[in-house]
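Colleague: Please take a close look at one part of this model for me. Start from a single residue and work outward.

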Amino acid sequence: MMNFRQRMGWIGVGLYLLASVAVVYYVFEIDQTYNRLTLEHVERVAQEQRPLPGDNTPPTASSLPTWTQSLKTRLLLLPFWVWVTIFLVPYLQVFLFLYSCTRADPKTVGYCILPICLAVLCNRHQTFAKASNQISRLQLIDT
């Protein structure tokens, strides 16, 4: 028999996955439309700003890229695996937290979240180190 927390966990997992599918569809649909509009804009601007032959005027302040444009350019140059890591790690953390809410034991909720998992592992390591030190002291006292 499932309790209320588990039912809400399963509903949360379902809604999270449904929202993820909707976001992916929206991003790719918008991407296709945005690419078409961007291509039209770039072609229009290129025709308007085509320099005349023999015109050696220095670039004006309006033709230099702004800081937001240069930041976008640098961010887009990041490798694909960096973008995957930036978006996939938080996505998986939220999914695993919602999934851990479906467990029967409420003490195990949240162990899938990376900071909590690292804290538990470090705490276990310190506990193990303390126990091994106590055992070695006991052996020294007994001999």
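Modeller: Pro106 is exposed, because its relative accessible area is 52%; exposed means over 50%, buried under 20%, and partly exposed in between (1.4 Å probe, protein chains only). This is a predicted model, where local features need pLDDT of at least 70, side-chain atom pairs count only at pLDDT 80 or more, and totals for chains, interfaces and linings use all residues. Residues are numbered from 1 along each chain as its sequence is written, and side-chain values use heavy atoms, without hydrogens and water.

Pro106 sits in the loop between H3 and H4. Helices are DSSP runs of H or I with at least four residues, strands are runs of E with at least two, and both are numbered from the N terminus. Along the chain, Pro106 and Gln6 are 100 residues apart. Yet their C-alpha atoms are separated by 9.3 Å.

Now take Trp10. This residue belongs to helix H1. Trp10 counts as partly exposed because its relative accessibility is 41%. Leaving out residues up to four places away in sequence, Trp10 touches Met2, Tyr99 and Thr102; a contact means heavy atoms within 4.5 Å. Tyr99 lies 89 residues from Trp10 along the chain. The C-alpha atoms of this pair are 7.2 Å apart.

Go further along H1, which covers residues 4–48, and you reach Tyr26. Tyr26 is exposed, because its relative accessibility is 53%. Tyr26 also helps make a nonpolar surface patch of about 730 Å². Its partners there are Val23, Val24, Val27, Phe28, Ile30 and Tyr34. Patch residues have over 30% relative accessible area and no salt bridge; like charges are joined within 9 Å, and nonpolar side chains (Val, Leu, Ile, Met, Phe, Trp, Tyr) within 5 Å. A salt bridge puts a side-chain nitrogen of Lys or Arg within 4 Å of a carboxyl oxygen of Asp or Glu.

UniProt's unreviewed entry lists residues 9–28 and 80–99 under "transmembrane region". Such annotations may be inferred rather than shown by experiment. In the model, residues 9–28 are 100% helix, with end C-alpha atoms 29 Å apart. Residues 80–99 are also 100% helix, and their end C-alpha atoms lie 27 Å apart.

Step back to the whole chain. There are four helices and zero strands. Of the 143 residues, 9% count as buried. The accessible surface comes to about 12,500 Å², with 70% belonging to carbon and sulfur atoms; areas come from the Shrake-Rupley method with a 1.4 Å probe. Among contacts between residues at least 6 apart in sequence, 60% join residues at least 24 apart.

How confident is the predictor? The chain's mean pLDDT is 75, and 75% of its residues reach 70 or more; pLDDT runs from 0 to 100 for each residue. Among the elements, helix H3 (residues 80–100) has the highest mean, 85. Helix H4 (residues 114–142) has the lowest, 61.

Conventions. pLDDT = per-residue confidence, 0-100.
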